[in-house]
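Notebook open, one model to go through. I'll start with the overall fold, then turn to the ligand and the core.

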Amino acid sequence: MTAPQPLIAGNWKMNGLSASVAEAKAVAAGLGQTPARVAICPPSILIHRLADALKGTPVLVGGQDHHWDDAGAFTGDISAEMLADAGAKLAILGHSERRAGYRETDEVVAQKVSAALRAGLEPIVCVGETLEQRQAGDTLAVVTGQTRGSLPADLRGKAFAVAYEPVWAIGTGLTPTLEQIEEVHKAIRATLVEQFAEEGRKVPILYGGSVKPGNAAEILHAAEVGGALVGGASLKAEDFLGIIRAL
Ligand code: PEP
(Lines give C-alpha, C1' and ligand atoms only; values in the text may rest on other atoms or scores of the structure.)
Protein backbone atom coordinates (compact mmCIF):
# COMPACT_ATOMS: atom_id res chain seq x y z
CA MET A 1 0.00 0.00 0.00
CA THR A 2 1.36 3.44 -0.92
CA ALA A 3 2.05 5.91 1.89
CA PRO A 4 -0.68 8.52 2.50
CA GLN A 5 -0.10 11.95 0.94
CA PRO A 6 1.53 14.11 3.62
CA LEU A 7 -0.47 16.94 5.13
CA ILE A 8 1.10 20.06 6.64
CA ALA A 9 -1.44 22.18 8.48
CA GLY A 10 -0.90 25.50 10.24
CA ASN A 11 -2.89 26.18 13.39
CA TRP A 12 -3.03 29.93 13.94
CA LYS A 13 -4.90 29.46 17.25
CA MET A 14 -6.22 32.81 18.56
CA ASN A 15 -3.82 34.84 16.42
CA GLY A 16 -4.39 36.86 13.31
CA LEU A 17 -6.33 39.91 12.16
CA SER A 18 -7.47 40.89 8.70
CA ALA A 19 -3.91 41.99 7.85
CA SER A 20 -2.80 38.35 8.33
CA VAL A 21 -4.53 37.40 5.08
CA ALA A 22 -1.31 38.65 3.45
CA GLU A 23 0.69 35.90 5.26
CA ALA A 24 -1.64 33.25 3.88
CA LYS A 25 -1.30 34.69 0.39
CA ALA A 26 2.49 34.68 0.78
CA VAL A 27 2.36 30.95 1.65
CA ALA A 28 0.42 30.26 -1.55
CA ALA A 29 2.75 32.46 -3.60
CA GLY A 30 5.89 30.78 -2.25
CA LEU A 31 4.64 27.20 -2.24
CA GLY A 32 6.08 25.88 -5.51
CA GLN A 33 6.22 22.11 -6.02
CA THR A 34 5.52 20.10 -2.90
CA PRO A 35 4.40 16.53 -2.31
CA ALA A 36 2.27 17.77 0.62
CA ARG A 37 -1.24 19.02 0.93
CA VAL A 38 -0.99 22.34 2.75
CA ALA A 39 -3.68 23.89 4.95
CA ILE A 40 -4.01 26.97 7.12
CA CYS A 41 -6.47 26.94 10.01
CA PRO A 42 -7.09 30.55 11.09
CA PRO A 43 -9.57 31.77 13.71
CA SER A 44 -13.05 31.09 12.33
CA ILE A 45 -13.75 34.77 11.71
CA LEU A 46 -10.97 34.82 9.10
CA ILE A 47 -11.96 31.64 7.26
CA HIS A 48 -14.11 33.41 4.68
CA ARG A 49 -11.39 35.94 3.94
CA LEU A 50 -8.66 33.33 3.63
CA ALA A 51 -10.83 31.07 1.49
CA ASP A 52 -11.45 33.99 -0.90
CA ALA A 53 -7.79 35.04 -0.90
CA LEU A 54 -6.57 31.46 -1.54
CA LYS A 55 -9.13 30.57 -4.22
CA GLY A 56 -7.36 28.98 -7.19
CA THR A 57 -4.29 28.06 -5.09
CA PRO A 58 -3.57 24.60 -3.62
CA VAL A 59 -3.62 25.94 -0.05
CA LEU A 60 -6.65 24.68 1.87
CA VAL A 61 -8.38 26.45 4.72
CA GLY A 62 -9.53 24.73 7.89
CA GLY A 63 -11.25 25.49 11.18
CA GLN A 64 -9.78 24.91 14.65
CA ASP A 65 -12.87 23.56 16.40
CA HIS A 66 -16.66 23.46 16.09
CA HIS A 67 -19.73 22.32 18.01
CA TRP A 68 -20.88 18.68 18.02
CA ASP A 69 -24.43 19.65 17.12
CA ASP A 70 -25.47 20.88 13.69
CA ALA A 71 -27.43 23.96 14.80
CA GLY A 72 -29.40 25.34 17.73
CA ALA A 73 -29.33 27.34 20.94
CA PHE A 74 -25.57 27.37 21.59
CA THR A 75 -24.68 31.01 22.12
CA GLY A 76 -21.22 31.88 20.92
CA ASP A 77 -20.62 28.53 19.22
CA ILE A 78 -20.06 27.71 15.59
CA SER A 79 -21.12 24.62 13.65
CA ALA A 80 -19.17 22.46 11.25
CA GLU A 81 -21.61 23.42 8.50
CA MET A 82 -20.85 27.12 9.14
CA LEU A 83 -17.12 26.46 8.76
CA ALA A 84 -17.74 24.56 5.52
CA ASP A 85 -20.06 27.30 4.29
CA ALA A 86 -17.31 29.86 4.94
CA GLY A 87 -14.87 27.84 2.82
CA ALA A 88 -13.19 25.45 5.27
CA LYS A 89 -12.29 21.97 4.04
CA LEU A 90 -10.80 20.58 7.26
CA ALA A 91 -11.24 20.96 11.01
CA ILE A 92 -8.77 20.45 13.85
CA LEU A 93 -10.59 18.61 16.64
CA GLY A 94 -9.54 17.44 20.09
CA HIS A 95 -6.59 19.82 20.36
CA SER A 96 -5.05 19.59 23.84
CA GLU A 97 -5.92 23.26 24.43
CA ARG A 98 -9.59 22.27 23.94
CA ARG A 99 -9.26 19.05 25.93
CA ALA A 100 -7.59 20.86 28.86
CA GLY A 101 -9.20 24.30 28.70
CA TYR A 102 -12.75 23.23 27.83
CA ARG A 103 -12.75 19.76 29.39
CA GLU A 104 -13.37 18.04 26.08
CA THR A 105 -13.44 14.28 26.57
CA ASP A 106 -12.81 11.63 23.93
CA GLU A 107 -16.60 11.21 23.68
CA VAL A 108 -17.08 14.92 22.93
CA VAL A 109 -14.26 14.85 20.39
CA ALA A 110 -15.82 11.81 18.70
CA GLN A 111 -19.18 13.61 18.48
CA LYS A 112 -17.44 16.62 16.92
CA VAL A 113 -15.72 14.33 14.42
CA SER A 114 -19.12 12.94 13.39
CA ALA A 115 -20.43 16.51 13.02
CA ALA A 116 -17.44 17.38 10.82
CA LEU A 117 -18.19 14.41 8.56
CA ARG A 118 -21.88 15.43 8.25
CA ALA A 119 -20.67 18.83 7.04
CA GLY A 120 -18.17 17.33 4.59
CA LEU A 121 -15.12 18.49 6.57
CA GLU A 122 -11.95 16.40 6.89
CA PRO A 123 -11.12 16.07 10.59
CA ILE A 124 -7.59 16.32 11.98
CA VAL A 125 -7.96 14.60 15.35
CA CYS A 126 -5.34 15.49 17.97
CA VAL A 127 -4.03 13.16 20.66
CA GLY A 128 -1.09 13.47 23.03
CA GLU A 129 0.17 12.88 26.53
CA THR A 130 1.03 15.38 29.25
CA LEU A 131 4.49 15.49 30.80
CA GLU A 132 3.17 13.76 33.93
CA GLN A 133 1.70 10.96 31.84
CA ARG A 134 5.00 10.51 29.95
CA GLN A 135 6.99 10.50 33.19
CA ALA A 136 4.63 7.89 34.62
CA GLY A 137 5.27 5.64 31.60
CA ASP A 138 1.68 6.00 30.38
CA THR A 139 2.31 7.61 26.98
CA LEU A 140 1.30 4.74 24.73
CA ALA A 141 -1.74 3.84 26.82
CA VAL A 142 -2.94 7.46 26.87
CA VAL A 143 -2.37 8.10 23.18
CA THR A 144 -3.85 4.84 21.91
CA GLY A 145 -6.78 5.27 24.32
CA GLN A 146 -7.45 8.78 22.98
CA THR A 147 -7.15 7.49 19.41
CA ARG A 148 -9.69 4.70 20.04
CA GLY A 149 -12.05 6.97 21.96
CA SER A 150 -11.95 10.00 19.66
CA LEU A 151 -12.42 8.26 16.31
CA PRO A 152 -16.04 7.20 15.70
CA ALA A 153 -16.87 4.27 13.41
CA ASP A 154 -18.45 6.61 10.85
CA LEU A 155 -14.92 7.64 9.81
CA ARG A 156 -14.78 4.38 7.85
CA GLY A 157 -14.25 5.26 4.18
CA LYS A 158 -13.71 8.96 4.95
CA ALA A 159 -10.58 11.11 4.69
CA PHE A 160 -9.15 12.13 8.04
CA ALA A 161 -5.81 12.59 9.82
CA VAL A 162 -4.57 12.00 13.35
CA ALA A 163 -2.10 14.47 14.88
CA TYR A 164 0.22 13.29 17.65
CA GLU A 165 0.91 16.35 19.77
CA PRO A 166 2.68 15.74 23.09
CA VAL A 167 1.17 18.42 25.33
CA TRP A 168 4.59 19.22 26.83
CA ALA A 169 6.00 19.97 23.37
CA ILE A 170 3.33 22.47 22.31
CA GLY A 171 4.64 26.01 22.24
CA THR A 172 7.54 25.11 24.54
CA GLY A 173 10.42 24.63 22.09
CA LEU A 174 10.81 21.07 23.44
CA THR A 175 10.44 18.13 21.09
CA PRO A 176 10.52 14.40 21.71
CA THR A 177 13.42 12.40 20.29
CA LEU A 178 12.87 10.84 16.88
CA GLU A 179 12.70 7.44 18.61
CA GLN A 180 9.93 8.69 20.89
CA ILE A 181 8.01 10.16 17.94
CA GLU A 182 8.35 6.95 15.93
CA GLU A 183 7.34 4.78 18.87
CA VAL A 184 4.11 6.73 19.37
CA HIS A 185 3.33 7.01 15.65
CA LYS A 186 3.73 3.24 15.26
CA ALA A 187 1.37 2.67 18.18
CA ILE A 188 -1.19 5.04 16.63
CA ARG A 189 -0.84 3.23 13.28
CA ALA A 190 -1.47 -0.13 14.97
CA THR A 191 -4.57 1.33 16.64
CA LEU A 192 -5.84 2.71 13.33
CA VAL A 193 -5.41 -0.68 11.68
CA GLU A 194 -7.15 -2.34 14.62
CA GLN A 195 -10.09 0.08 14.21
CA PHE A 196 -10.27 0.52 10.43
CA ALA A 197 -8.41 -2.54 9.05
CA GLU A 198 -6.36 -1.83 5.90
CA GLU A 199 -7.96 1.64 5.52
CA GLY A 200 -6.12 2.56 8.71
CA ARG A 201 -2.82 2.42 6.82
CA LYS A 202 -3.89 5.30 4.55
CA VAL A 203 -4.50 7.79 7.37
CA PRO A 204 -1.74 10.41 7.68
CA ILE A 205 -0.39 10.66 11.22
CA LEU A 206 0.92 14.19 11.70
CA TYR A 207 3.42 15.23 14.34
CA GLY A 208 2.80 18.51 16.18
CA GLY A 209 4.72 20.32 18.91
CA SER A 210 7.42 22.96 18.35
CA VAL A 211 8.02 22.07 14.68
CA LYS A 212 10.26 24.72 13.13
CA PRO A 213 12.19 25.06 9.86
CA GLY A 214 15.31 23.85 11.70
CA ASN A 215 13.89 20.53 12.96
CA ALA A 216 11.24 19.86 10.29
CA ALA A 217 13.34 17.71 7.92
CA GLU A 218 14.26 15.06 10.47
CA ILE A 219 10.79 14.96 11.99
CA LEU A 220 8.97 14.83 8.64
CA HIS A 221 11.17 11.97 7.44
CA ALA A 222 10.76 9.86 10.57
CA ALA A 223 8.95 6.53 10.29
CA GLU A 224 5.14 6.83 10.18
CA VAL A 225 5.22 10.65 10.24
CA GLY A 226 2.76 11.77 7.56
CA GLY A 227 3.08 15.52 7.95
CA ALA A 228 2.93 18.16 10.63
CA LEU A 229 0.51 20.27 12.60
CA VAL A 230 2.30 23.56 13.16
CA GLY A 231 1.33 26.25 15.67
CA GLY A 232 3.66 29.19 16.28
CA ALA A 233 5.80 28.63 13.19
CA SER A 234 2.75 28.79 10.90
CA LEU A 235 2.10 32.45 11.70
CA LYS A 236 4.87 33.76 9.44
CA ALA A 237 4.83 32.63 5.82
CA GLU A 238 8.62 32.38 5.71
CA ASP A 239 8.74 29.94 8.65
CA PHE A 240 5.78 27.89 7.46
CA LEU A 241 7.28 27.64 3.96
CA GLY A 242 10.60 26.58 5.51
CA ILE A 243 8.79 23.64 7.14
CA ILE A 244 6.90 22.70 3.97
CA ARG A 245 10.12 22.80 1.95
CA ALA A 246 11.79 20.43 4.41
CA LEU A 247 9.60 17.61 3.12
C1 PEP B 1 -0.24 23.20 18.13
O2 PEP B 1 -0.72 23.81 19.06
O3 PEP B 1 -0.99 22.51 17.38
C4 PEP B 1 1.20 23.26 17.94
C5 PEP B 1 1.77 22.27 17.34
O6 PEP B 1 1.84 24.36 18.44
P7 PEP B 1 3.41 24.74 18.33
O8 PEP B 1 3.85 24.36 16.94
O9 PEP B 1 3.47 26.22 18.55
O10 PEP B 1 4.11 23.95 19.35
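**Ground rules.** I'm working with a predicted model, so to speak of local features I need pLDDT of at least 70, and side-chain atom pairs count only at pLDDT 80 or more, while totals for chains, interfaces and linings use all residues. Residues are numbered from 1 along each chain as its sequence is written.

**Burial.** I looked up burial first: 46% of the 247 residues of the protein count as buried. Buried takes 20 or more other C-beta atoms within 10 Å of a residue's own, exposed is 12 or fewer, and partly exposed is in between, with C-beta atoms placed from the backbone.

**Overall fold.** I find 10 helices and 8 strands; these are DSSP runs numbered from the N terminus, helices being H or I with at least four residues and strands E with at least two. The C-alpha trace spans about 45 × 45 × 35 Å along its principal axes. The radius of gyration is 17 Å, which agrees with the value near 18 Å for a compact globule of 247 residues. That radius is taken over C-alpha atoms, and the globule rule is 2.2 Å times the number of residues to the power 0.38.

**Ligand.** Which residues are closest to the ligand? I get I170, G171, G208, G231 and G232, out of 13 that surround the ligand (C-beta atom, placed from the backbone, within 6 Å). The shell divides into 5 nonpolar, 7 polar and 1 charged; Ala, Val, Leu, Ile, Met, Phe, Trp, Tyr, Cys and Pro count as nonpolar, Asp, Glu, Lys and Arg as charged, and the others, Gly among them, as polar.

**UniProt check.** The unreviewed entry lists N11, W12, K13, G171, S210, G231 and G232 under "binding site". They span 222 residues in sequence, but no two of their C-alpha atoms are more than 14.0 Å apart, so they gather at one spot. I note that such annotations may be inferred rather than shown by experiment.

**Two glycines.** G171 sits in the loop between β6 (161-164) and α8 (178-196). It is partly exposed, with 13 other C-beta atoms within 10 Å. Leaving out residues up to four places away in sequence, G171 touches G231 and G232 (contact: C-beta atoms, placed from the backbone, within 7 Å). G232 is in the loop between β8 (227-230) and α10 (237-245), and G232 is partly exposed too, with 18 other C-beta atoms within 10 Å.

Notes. Contact = placed C-beta atoms within 7 Å.
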